[in-house]
Amino acid sequence: MLALPRFTTRRLAGAVALASAVTAPAYAQGPGVLEEVVVTAAKREQTLQEVPVAVSVVTAASIEQSQVLDIKDLQTLVPSLRVTQLQSSANTNFIIRGFGNGANNAGIEPSVGVFIDGVYRSRVGSALADLPKLERVEVLRGPQSTLFGKNASAGVINVVTAKPDLLGYSGSVSATVGNYSQTILRGDVTGPLSENVAFSLYGSSNERDGYYDNLELGTEQNEIDRWNLRGQLLWNPTDRMEVRFIADGENISEVCCGVANLVDGPTGDVVRALGGNLVPEDAFAYKGFYDFDPRTDIDSRGTSVQVDYDFDSMTLTSITAYRTLEQEQFGDVDFTSARLVDPNGANLSDTQIDTFTQEIRLTSTGSGPLVWMVGAFYFKEDVEIDGQFLYGDQFRDYANVLAGGLLPLVEGFLGIPEGTFFAPGTGFTSEAYTLDDETLSLFAQADYDITDALTLTVGLNYTESDKEATANLTNNDLFSSLPLGGTPVEALQPLQFLPPYLNYPNSVEDGKTSDDDITYTLRLAYDLTPNMNVYAGVSTGFKASSWNLSRDARPFAADIPALTAAGLLVPNLVPGTRFAGPEEATVYELGVKAEYETVAFNLAVFTQEIDGFQSNVFNGTGFNLANAGKQSVDGAEFDITWAPLDGLRVAFAMTYLDPLYDEFEGASGVDGPTDLSGTKPAGIPELSTNTNVTYNFQIGDGPLAYVRLEHVYEDEVQAIENVPAEVASREINMFNASAGLTFANGVELNLWGRNLNEDEYIQQAFPSVAQAGSFSGYPNTPRTYGLTLKYNFE
């Protein structure tokens, strides 16, 4: 399930297999020759050309030269991948071919699965630390559920780290200094402990000042402050058996993330009247006013054991892993210096996730036309979230201005003390959610060589996922519980920001979902020549139901009559969703892959759709989790790598996407709920490209050197459906560059710069929180640059 398909009998001279051209350093440097790329994702050597799926491979050399520090930065190397960081370090979203979700809510698992050394990282927060010492990163595009399981309906990011070395001792230490006072320290060492036992240790720390100024407090946001440690043991007790033990720990403690005001609506004057402030309508000022800074603390730890045993004609693989993720975040969600939110209860969320996974598989290794794999994957996860949200000591005055001064009159009419409504410290005084997830997958895949040139692949996966959720919230916001409809003050209903919450499970809602699905892969690959092959296939994907573990969840409309009959309704309860049902993805794909002595090119043409796409969009007061009836995309991916001269590599990669909401009623639009059926989804650029040129050379008889230039482009697109395009559109036109020297004594120097042309774009936008008519957005990272000094020893 965690291994790539195995195609053993076809050994081609070519080697690219739809590998993105931006990964040109994957090809060994030679005299104008591209050499084959070999991967071992299935625990045996195979060239990328033997894997007829759309996959981009980024090598450790490319990552180091480009100063790619974590998975978020990979999007500059893989044009089909987009990564967006939202209001905190943990709220990051991975998107492949326009599909992806999972940020902002621990109940929503990503549609893009992240695997590190065969272990599934179920939440983005557990995969954001700086990358350790790597072999490569593989980005598989399109549904991958047959082998990777339930949460790979859009694609997979597969990170493969370096194994311990049994042959000898080696290691490196490095130090980086950059602008914004950035300092990065890294070190690794590996070597044998005995004839059949080896170890490796890796550690890093990364600190950087923020580039976003909080003018109210004189502090900085969008900083970096993180470290990670990783240790491995490799044991080969016999020539048939290998055991790999990994333990890792990662910590992120950062003040992040600053927000730009895009439209200063009518509430801006109210904020200023209260003595607060904001920087109006300047998307790239990189400064604002906050009465307290947002903060995220993430602690992720885990252990895994992989055992591989070679029988005469098959290999048994077992991967056992246990991981914990502790994540605490809070923020000034009004993004002004008015004290609208209590800093002691500022959208506080404390999350604990414990995950156990077990995979076991058998893979054939004998010769012959048939290659097969069978296996099972078990997943058990417990999620606990504690939180609160409380009004600040200026929210009463803020709400009263918006109410036209009517709050005291309403209080007097009801005979309650003046100042009761929106009193400081009221709101959701406690929020407690749990989610238990138990999933079992059974899978099998076979590759049969019909002829020497023609291979048929058939794969099946059965997945069953059972989830049980609870929510227990306490709310003392009296105003939001008043039945204002049909009264003279009905116009004040938009100020009922925190209506009472109906806890579950209850006698009507059991808080359970049970999903199962069969996904499949069917593909033909044909070798036209020793240098070119073509393939055609269909694959399906599956993602189980996702629960909305937030105060925004509401009972389904179908449950309202039963809740009424049971006497369970709370005031001002309106229907919504507790969860979004499963996603089911299908992709039809045609591909051509070719590699010659000095040039390689790859083309994939596809049509991909997801039925029931799980959409989670912020509407100004909460998140709306809903299933889009159907979302589809027609597209093409092309890449070419050319070695015209000794040491010179020129690479270009392009992704073209034509997305469509085939059916999406009840979506969040600019003016509220709307029908987006037949419209183009926002946030998906039609054209994305990556171009890079790398030149490796030697300076006389002295050091080896390289220079590298990258260009990243995305054409203009509306950021999100519920923010007007004229307010928030995104276009990327960015240049990165690096240059380095490698000396014979093991010393390396690497000078790098990212976004050197200071390109400016909005990553994402949203209606400002409880500020009707205002819009906010997240600006991109400005220019960064630095110098890395590294020493390699052995």
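Which residues point one way from β4, and which the other way? Select residues 81-85, which make up strand β4 in this predicted model. L81, V83 and Q85 point one way, while R82 and T84 point the other way. Residues on both sides are buried, and the strand as a whole is mostly covered, with five of its five residues buried.

Next, add residues 92-96, strand β5. Five bridges join β5 to β4, and the two run antiparallel. To find one matching position, look at L81 in β4: I96 in β5 stands opposite this residue.

**The five-stranded sheet**

Now show β3, β8, β9, β6 and β7, which form an open sheet in that order with mixed pairing. The edges are β3, residues 55-59, and β7, residues 119-121; each of these pairs on one side only. From one strand to the next, the twist averages 20°. Zoom in on β7 and on β6, residues 112-116. Three bridges join this antiparallel pair. One place to look is I116, whose bridge partner in β7 is V119.

**Helix α5**

Move on to residues 407-414, helix α5. Colour L407, V410 and E411, which are buried. They lie on the same side of α5 because they cover an arc of only 100° around the axis. An α-helix has 3.6 residues a turn, so residues three or four places apart point the same way. Turn to the other side of α5 and L409, G412 and F413 are exposed. Then add residues 395-402, helix α4, which is included in what covers the buried residues of α5. Just after α5 comes G415, which takes a positive phi of about 75°.

**The nonpolar cores**

Which residues touch the most other members of the largest nonpolar core? Select F395, F422, F479 and L549; the core they belong to has 56 residues. Among the elements that give two or more residues to this core are the helices α3 (267-273), α4 and α5. The strands β22 (370-390), β23 (427-449) and β24 (454-475) do so as well.

Stay on L549 and display what surrounds this residue. Leaving aside neighbours within four places in sequence, L549 is in contact with N105, A106 and G107, and with V383 and I385. The contacts of L549 also include Y433, T434, L435, A469 and Y504.

For the last stop, select V68, V112, V633 and Y661. These are included in a second, separate core, which has 37 residues.

Key:
Residues numbered from 1 in each chain as written. Predicted model: local features only at pLDDT ≥ 70, side-chain atom pairs only at ≥ 80, totals over all residues. Heavy atoms only, no water. Buried < 20%, exposed > 50% of the residue type's maximum accessible area, 1.4 Å probe, protein only. Helix = DSSP H or I, 4+ residues; strand = E, 2+ residues; numbered from the N terminus. Arc of directions from axis to C-beta. Contact = heavy atoms within 4.5 Å. Pairing = 2+ DSSP bridges. Axes fitted to C-alpha atoms, helices over the stretch in contact; angles between N-to-C directions. Core = buried A, V, L, I, M, F, W, Y, C linked by side-chain atoms within 4.5 Å.
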